[in-house]
Amino acid sequence: MDIISLNKKTFLLLYSFSLLLFPYYTFAQQSVIEHYKSLENSNIDYSDKTIEIESWITSLTDQTNTIELSNLYSLYSKFCNRQKDYKKAIINAKKALEIQISHIDTFPSQVNNTYSNLSVFYMKSGKEKLSFSTLKKLITLDHKDKFTIAAYVNGLKNIAIKKGDYYQALEYISEAERIIQIKKDTILDKEFYRIPIAYSGVYLNIGGDENYTKALQHLQEADSLNKKMITTKIGVKNQIIIHNRFGLVYTKLKKHYKAILHLEKALTIGLRHTKSKYDIAKIYNNLGINYFKSNQHKIAFQNYQKALSYFPEYTAVYDNLGDYYLYYQDYKNALLHYQKAIDYTINIFKNHNYKQLPNKQLLASSSYKTELLNDLKDKAKAWLSYYTKSRDQSHLAKALATIELADYMVDLIRSESAVSQSRFFWREKGLDLYILATSIAYQLKQPEKAFYFMEKSKSLTLLENLTHEEAKKRAKLPDSLISLEYELKKNIFQIRKQTSKNSSMTESDKNHMITKQKKAYHAFINSLEKEYPNYYKYKKNITIAKLSECLKKAAQTNTSYIQYILSDQEAYGLLITPKESFFYKIDQPQLLQNEILDIGSLLNKSWETEEDQNKFHKLSTSISNQLFAFTESNTLINSEKIVIIPDGILQSFPFEILQSPNTKSTEFSYLINDFDISYLYSMSLDKQIEKKDNQASKHIMGIAPVHFEYLGLPSLSLSSSKLKKIQEEIGADTFLYDNATKNNFINNSENYQILHVSSHANSMNSQTPWIAFSDSKLTLNELYFIPNQADLVILDACKTGIGQILPGEGVSSLTKGFFYSGSKSVLSSLWNTNEKSSNEIVLNFYNYLKAGNDKSTALRKAKLDFIKTHQGSEKSPYYWATLIITGDLQPINFPNLSIYYFPIAILIGLLFFSFFIYKKLNT
């Protein structure tokens with residue numbers, strides 16, 4: 001008999017024997033479970049019951065198989081959870097899990113189930129971090145089932161939403177969707193109903209009409225899927241969620257009648273079928289909101305009271321009652337209810353004092369930071385409204401102090417967001433806080449506070465990025481790790497670029513590939529933070545400049561700074577001179593913005609008629625009067641330089657063309673006639689740039705493709721001669737024609753003190769800004785991954801300083817891209833440059849730099865030379881005002897070539913002398 005036959009017989013015997021034993025095993029298991037249930041249902045106190053159950057389970061340890069034991073631990077943990085004894089629930093779930101993991105190949109779904117339960121127990125016990133890590137462990141397990149999907153779309157998604165990390169929540173849902181699509185398993189397919197419900201909730205939180213439309217589309221899909229399971233318990237629960245969420249979306253879209261219809265449906269089903277008092281309270285609260293916004297205030301109030309009767313600690317109701325009392329100008333009651341909303345969220349349930357501010361530590365430790373932020377903003381607005389009625393300055397001061405706490409919450413939410421899109425989202429959400437705070441600071445005559453919030457409203461992400469780069473240097477990270485970080489960031493960009501062009505890939509597959517790269521990057525950053533703790537410390541040390549620092553710098557450099565903050569409704573300016581500061585309000589911000597748009601059409605062309613010139617001068621004077629409203633007082637700009645820190649539409653506007661505020665003549669005089677003018681993103685960013693120690697090994701890199709046949713753009717025939725002249729007179733390494741490739745720029749740019757790119761560029765419409773090389777375009781997104789050490793970048797091309805204005809971040813332009821990648825200052829353009837005038841100004845700019853002038857002075861002199869030497873329409877600002885300087889203004893150290901002249905002259909003399917001697921000796 002061969003071995004194979006013997007093995008088959010042995011297997012059959014064992015299998016038959018197991019079939020005989022199976023009924024006894026099952027019976028034994030059932031009897032153990034039944035005995036446990038009898039103990040659980042016994043009529044004794046919970047504490048006595050737990051002693052008896054635990055004693056009995058202990059007695060079974062040696063005589064019961066491990067699977068039975070794990071089932072008992074699992075049942076007992078669920079029982080403890082129902083009794084709200086989360087400590088015992090966690091202990092017994094962990095015991096069950098320890099056994100199940102050793103049999104994971106046999107019982108993979110049980111392992112997933114216990115991980116899922118354990119995460120819930122941790123969450124209920126207030127251990128959110130452990131709940132999160134448990135869910136993270138669950139989704140890494142090989143076996144994918146309904147518990148995996150729930151971990152993504154309920155557990156992880158809900159944690160992300162609570163933190164305000166909405167785009168991370170979208171990534172979790174996308175991963176769950178992809179698992180279902182890839183598995184193609186009929187059982188797992190049944191879990192797909194969770195996906196559209198989850199998406200709708202996240203898009204509702206992100207907000208905006210586009211996202212509300214997406215939320216409605218997902219809810220319609222969810223409703224269609226739910227019709228197949230409407231008779232089941234899950235189907236009924238889903239009906240409540242779907243109708244309630246329809247109501248919320250229609251509330252946001254101000255379609256209150258539709259919202260009420262859906263909420264009434266949700267309430268009818270909920271009152272019949274759910275035992276969750278919290279869910280019923282939510283529906284009543286949402287009904288209250290819609291009745292309030294439909295001006296049916298009494299019905300709204302009744303619904304709020306019903307909500308509290310079901311769930312007295314429901315914080316959102318107290319916030320909405322605050323709105324109710326504020327409407328009736330019952331300020332104290334409004335403030336008290338906003339305070340209750342805050343207190344209940346941080347587990348304070350008595351002794352509510354609306355005059356006190358909540359403790360920062362309690363706010364920071366809360367899992368509901370987004371709700372707290374909303375409550376604080378509402379309370380601040382209530383204090384402000386109270387002030388308008390009472391004119392009591394203390395109410396105004398309390399409004400400002402409350403906003404400062406709200407700002408603190410925005411910073412916490414942003415810092416805890418894992419996805420950059422979420423950080424941008426909360427960056428934008430903070431802007432209304434900053435303009436409101438500036439307005440209050442103006443009324444309180446507190447320019448120091450205003451300056452802080454003006455700074456917070458500008459280019460914070462760029463500041464964080466430069467602080468991050470500085471942290472890597474200060475923590476002395478090895479070059480290999482710095483290079484690896486760049487590569488990992490670059491991989492994310494490349495995957496995005498590749499997948500965007502691949503029409504055959506599903507959205508979930510694209511998202512999965514991007515998410516995979518992001519995970520690799522975040523894992524690397526986490527490892528750095530553990531291995532190099534100073535890196536983490538320096539990275540988080542984001543410093544916002546103070547007004548006192550700006551005043552000090554103004555006095556030291558004989559420079560005036562003008563800081564702006566601008567919205568459609570309000571606008572303010574803060575002038576800081578070497579001697580004083582002056583805080584002023586711009587009365588008609590909408591008129592200002594309209595006039596800037598009007599003058600923009602005149603800047604983009606040369607003046608053809610005297611009427612064009614007169615219209616320009618009139619607009620320039622009007623804009624100047626608004627932007628320099630300090631001229632109404634005795635305050636004047638008493639320095640030679642002005643640094644503009646613009647906001648909003650001002651970020652793409654050349655102040656040089658304005659009527660000078662210091663002129664006493666009735667004749668029109670440009671601001672540039674009286675002052676050097678330059679620009680900063682923020683003083684905080686300027687401080688960070690000053691810390692940079694760029695040590696480029698070479699001087700000037702000039703790159704000019706000249707011809708652009710592949711783009712169908714005209715040749716820039718003067719660009720090559722301009723760079724050759726710079727090469728001859730100053731000294732530069734030039735890359736011209738076919739040598740002006742994208743790779744040559746990428747591979748060499750890090751080595752140069754000055755980068756000069758003479759080319760075509762664009763940043764119009766919604767496309768990503770780009771600059772052209774001889775073989776291909778370099779986009780703004782690519783620029784982020786090309787480090788440089790330039791003290792000055794000259795973007796000698798069209799529209800390099802403009803782009804899409806991102807709220808709170810400024811213009812998304814090539815200029816900003818070069819700052820991201822390491823530059824200290826950038827010369828860029830605000831509209832299409834005229835090649836001839838631009839060449840003339842740029843060459844003179846170099847000459848003045850070489851003579852020792854700082855960057856703003858050099859540019860001003862070059863522009864004034866152009867104005868003086870041209871006549872008629874050629875004096876139009878179109879020709880000379882497009883180029884602006886942003887960033888550090890320090891002079892450039894040019895190599896002193898004269899030190900080589902004497903040795904060279906001696907060498908030439910020696911050669912001539914040697915030749916003369918040689919000729920003499922040979923004649």
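Which residue in S5 is the bridge partner of isoleucine 644? The legend to Figure 2 gives the answer, after an overview of the chain.

**Figure 1. Overview of the predicted model.** The structure shown is a predicted model. The chain holds 39 helices and 16 strands. Its C-alpha trace spans about 125 × 90 × 45 Å along the principal axes. Of the 923 residues in the chain, 53% are buried. Counted over the model, there are 26 salt bridges. Several of the salt bridges, strands and single residues are taken up in the views that follow.

**Figure 2. Strands S4 and S5 pair in the parallel sense.** Strand S4 covers residues 641-645, and 4 bridges join it to S5. Tyrosine 679 is the residue in S5 that serves as bridge partner of isoleucine 644. Strand S5 itself runs over residues 676-679 and is covered on both faces. On one side of S5 lie Asp676 and Ser678, and on the other lie Ile677 and Tyr679; these residues are all buried. Tyr679 thus appears twice in this view, as a bridge partner and as a buried residue of S5.

**Figure 3. Strands S9, S10 and S11 form an open antiparallel sheet.** The sheet has 3 strands, placed in the order S9-S10-S11. Strand S9 (761-762) and strand S11 (777-779) are the edge strands; each has a single partner strand, so one side of each has no neighbour in the sheet. Strand S10 spans residues 770-772 and is joined to S9 by 2 bridges, the two strands running antiparallel. Within this pairing, alanine 761 stands opposite isoleucine 771 in S10.

**Figure 4. A salt bridge joins helices H6 and H7 through glutamate 128 and lysine 162.** The closest N and O atoms of lysine 162 and glutamate 128 are 3.0 Å apart. Lysine 162 belongs to helix H7 (residues 146-163), and glutamate 128 belongs to helix H6 (residues 128-140). The two residues are 34 residues apart, and the pair links distant parts of the chain. Both lysine 162 and glutamate 128 are buried.

**Figure 5. Glu469, Lys472, Glu485 and Lys489 are linked in a network of salt bridges.** One bridge of this view is formed by lysine 472 and glutamate 485, whose closest N and O atoms are 2.4 Å apart. This pair links distant parts of the chain, with lysine 472 in helix H24, glutamate 485 in helix H25, and their positions 13 residues apart in sequence. Glutamate 485 also forms a salt bridge with lysine 489, and there the closest N and O atoms are 3.9 Å apart. Lysine 489 and glutamate 485 are separated by about one helical turn, because they are 4 residues apart in helix H25. Lysine 472 counts as buried because its relative accessibility is 2%, under the 20% limit. Glutamate 485 is buried too, with a relative accessible area of 0%. Lysine 489 is likewise buried.

**Figure 6. The second largest pocket is lined by 27 residues.** Its volume is about 720 Å³. Among the lining residues, Glu469, Ile482, Tyr486, Glu750 and Pro787 lie nearest the centre of the pocket. Glu469 is also a member of the salt-bridge network in Figure 5. Helix H24 (460-474), helix H25 (479-501) and helix H33 (742-748) each supply at least two residues of the lining. The largest share, 6 residues, comes from H25. By class, the lining is made up of 9 nonpolar, 9 polar and 9 charged residues.

**Figure 7. A side-chain polar atom of serine 829 lies 2.5 Å from the backbone oxygen of alanine 797.** Serine 829 is placed in strand S15, which covers residues 825-829. With a relative accessible area of 0%, serine 829 is buried.

**Figure 8. Leucine 716 lies in the loop between strand S6 and helix H32.** Strand S6 covers 698-704, and helix H32 covers 717-729. Is leucine 716 buried or exposed? Leucine 716 counts as buried because its relative accessibility is 14%, and the limit for a buried residue is under 20%. In sequence, leucine 716 is 10 residues from valine 706, while in space the two are 4.9 Å apart, C-alpha to C-alpha.

Technical notes. Residues numbered from 1 in each chain as written. Predicted model: local features only at pLDDT ≥ 70, side-chain atom pairs only at ≥ 80, totals over all residues. Heavy atoms only, no water. 1 Å grid on protein atoms, 1.4 Å probe; cavity = no way out; pocket = protein on both sides within 12 Å on 5 of 7 lines; lining within 4 Å. Points joined across faces, edges and corners; volume = space filled by probe spheres on them. Nonpolar A, V, L, I, M, F, W, Y, C, P; charged D, E, K, R; others polar. Salt bridge = Lys/Arg side-chain N within 4 Å of Asp/Glu carboxyl O. Buried < 20%, exposed > 50% of the residue type's maximum accessible area, 1.4 Å probe, protein only. Polar contact = N/O pair within 3.5 Å; in protein donor to acceptor, adjacent residues only side chain to side chain. Pairing = 2+ DSSP bridges.
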